[in-house]
Amino acid sequence: MKLLQELREAGRGQDMQAVVERIPYARFLGIQVDQKGNEITTIMPFKTELVGNVNLPALHGGVIGAFLEMTAVIQLLFDTSCERLPKTIDVSIDYLRSGKPCPTYGRATVTRHGRRVANVRSEIWQEERARPIGVSHGHFLLTPI
Amino acid sequence: METVAQHLLEIPHAAAIGMTLVRHDERGCVTRIPYAEHLVGDPDTGVLHGGVLTALLDNTCGMAVRPPSYDPGSITMATLDLRIDYMESAAPHRDVYAEAVCYKRTRNIAFVRATAYQDSPDEPIATCVASFMLNTPNAPRREGLS
C-alpha cells in the first residue's frame, strides 16, 4: 500500500504530521509538523544524535540539510496531490549560522509548481525568526495523481 | 594524536547514521554507511532519505579538507555552502560510499567535491560541491548545552 494513497483514503491527505511519522529518517530526526490552517511550520527538537560538533556544540551540517529538504517536501505535499513522495533532483544549501542545541523551526515556499518539477525555497531558524541558520532552494520531481 | 577514524566516531550524527572511514590519503577521503531501516526516506520503496546522503557527503567533504597527516582536532571549519545533485535513488539494502576530494585550499576557504555511489564512483547516485570556512571558532558557546 502506498503511503500517500493510504492517508488519502483515511481522509488524512492533508495531515502532514501523519506523513512525517511514516518516514523513518524524519522520525529518527524527531521532526514534527505544526499545522495552523494553511500555514505549516516544521519543528526539530534538539537531541544529541543531531550534533556534528561536540565542542560548540553545533548541529551537523547534514542534519540542517535534511531538515531543510524535509521542510520543502512537507510544504510541497501540502500544496499538491502526489501519487508518490516527491524526489529531490537537486538542492543548494547556504549555512548562515551554526545550529545551537535548541529547537529548530522551518518554513518553505513553493516558488514554482510545474507539471513535473517544483521549485521550493526553505528557511530554518532557532530562537529568532529574523536570524535564519540555513536556507535552501531545490528542485523536486513530482508524480501527479 | 587522534586519527580521523576515531574523530569520526565522536561525531554524534555521523555515528548515528553508521558512518565509517574506508580510506583517507592524499587522493581524498572515502567513507561508507550501511543500509539501515531508520535511514529510509520512502517507506513504499525502502530508498534512503536524501538527507542521509546530505549528511554523508557533508561529513566526507569536511574530512577531505584535512590532510591525512593532521590531527583532526587541529583544523576547525564550518560548511558555507553545499549543493547536491541526486542522480539516482540508492538501491535498498546495500551500502553507500562517498568519496571526496579537496581540490583547492586557501587561507580561509576550502573547496571540495564529492560523489556518493554504491557499485563504483563511475556510477554516482549523487554528486556535490561544497565550500568550507576554515579556522572557525571552536570554543564552547557561553550558553553551553541546554
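This is a short talk on a predicted model of a complex of chain A and chain B, and on how the two chains share one sheet.

Let me begin with confidence. The predictor gives the complex an ipTM of 0.93 and a pTM of 0.94. Chain B averages a pLDDT of 91, and 97% of its residues score at least 70. Within chain B, the lowest confidence falls in helix 1, residues 4–9, with a mean of 83, while the highest falls in strand 7, residues 109–117, at 97. As a general caution, predicted coordinates should not be read in detail where pLDDT is low.

Now to the contact between the chains, to which chain B gives 36 residues and chain A gives 38 residues. On the side of chain B that touches chain A, helix 2 (12–16), strand 3 (40–42), helix 3 (50–65) and strand 5 (77–86) each supply at least two residues. The largest share of that side, nine residues, is from strand 5 of chain B. Sorted by class, the side of chain B that touches chain A holds 16 nonpolar, eleven polar and nine charged residues.

How do strand 5 of chain A and strand 5 of chain B pair? They pair in the antiparallel sense, over five bridges, with residues 87–95 forming the strand on the chain A side. One of the residues to look at here is Ser92(A), whose bridge partner in strand 5 of chain B is Arg83(B).

That pairing sits within an open sheet of twelve strands, in the order 1(A)-2(A)-6(A)-7(A)-8(A)-5(A)-5(B)-8(B)-7(B)-6(B)-2(B)-1(B), with antiparallel pairing. At the edges stand strand 1 (32–36) of chain A and strand 1 (20–25) of chain B, each of which has a single partner strand, so one side of each has no neighbour in the sheet. With direction ignored, neighbouring strands of this sheet are turned by 20° against each other on average.

If we walk outward into chain B, strand 5 is joined to strand 8, residues 124–134, by nine bridges, and the two strands of chain B run antiparallel. In that pairing, Ile84(B) stands opposite Cys128(B) in strand 8 of chain B. If we walk the other way, strand 5 of chain A pairs with strand 8 of chain A in the antiparallel sense over eight bridges, and Ser92(A) stands opposite His137(A). His137(A) also has Arg121(A) standing opposite, in keeping with the nine bridges that join strand 7 of chain A to strand 8 of chain A, again antiparallel. A hairpin of six residues connects strand 7 of chain A to strand 8 of chain A.

Next, the helices on the sheet. Helix 4 of chain A, residues 61–79, lies across several strands of chain A together with strand 5 of chain B, and runs at about 50° to strand 6 of chain A. Helix 3 of chain B packs on the sheet as well, touching strand 5 of chain A along with strands of chain B that include strand 1 and strand 2, and its direction makes about 40° with that of strand 6 of chain B.

The largest nonpolar core has 79 residues, and those with the most contacts inside it are Leu29(A), Phe67(A), Leu56(B), Leu57(B) and Val112(B). Helix 4 of chain A contributes the largest share of this core, eleven residues. Leaving out residues up to four places away in sequence, Leu57(B) touches Ile84(B), Ala98(B), Ala114(B), Ala116(B), Ala126(B) and Cys128(B).

Is Thr60(B) buried or exposed? Thr60(B), which is found in helix 3 of chain B, counts as buried, because it has 33 C-beta neighbours inside 10 Å. Beyond its neighbours within four places in sequence, the contacts of Thr60(B) are Cys29(B), Thr31(B), Ala98(B), Ala100(B) and Ala114(B).

I will end with some backbone details. Most residues other than glycine have a negative phi, and most peptide bonds are trans. Against that background, a cis peptide bond joins Leu56(A) and Pro57(A), with omega about -15°, and Pro57(A) lies in the loop between strand 3 and strand 4 of chain A. His93(B), in the loop between strand 5 and strand 6 of chain B, has a positive phi of about 65° although it is not a glycine. Asn135(B), in the segment after strand 8 of chain B, likewise has a positive phi, of about 55°. His93(B) counts as exposed, because it has 9 C-beta neighbours inside 10 Å, and Asn135(B) is exposed with 11 other C-beta atoms within 10 Å.

Note on methods
Residues are numbered from 1 along each chain as its sequence is written. Chains are lettered from A and ligands numbered from 1 in the order in which they are written. This is a predicted model: local features need pLDDT of at least 70, side-chain atom pairs count only at pLDDT 80 or more; totals for chains, interfaces and linings use all residues. pLDDT is the predictor's confidence in each residue, from 0 to 100. Helices (H or I, at least four residues) and strands (E, at least two) are DSSP runs, numbered from the N terminus. Two residues are in contact if their C-beta atoms, placed from the backbone, lie within 7 Å. Ala, Val, Leu, Ile, Met, Phe, Trp, Tyr, Cys and Pro count as nonpolar, Asp, Glu, Lys and Arg as charged, and the others, Gly among them, as polar. Two strands pair if DSSP finds at least two bridges between them. Axes are lines fitted to C-alpha atoms, for helices over the stretch in contact, and angles run from 0 to 180 degrees between N-to-C directions. A nonpolar core is a set of buried Ala, Val, Leu, Ile, Met, Phe, Trp, Tyr and Cys residues joined through C-beta atoms within 7 Å. A residue is buried if 20 or more other C-beta atoms lie within 10 Å of its own, exposed if 12 or fewer, and partly exposed in between; C-beta atoms are placed from the backbone.
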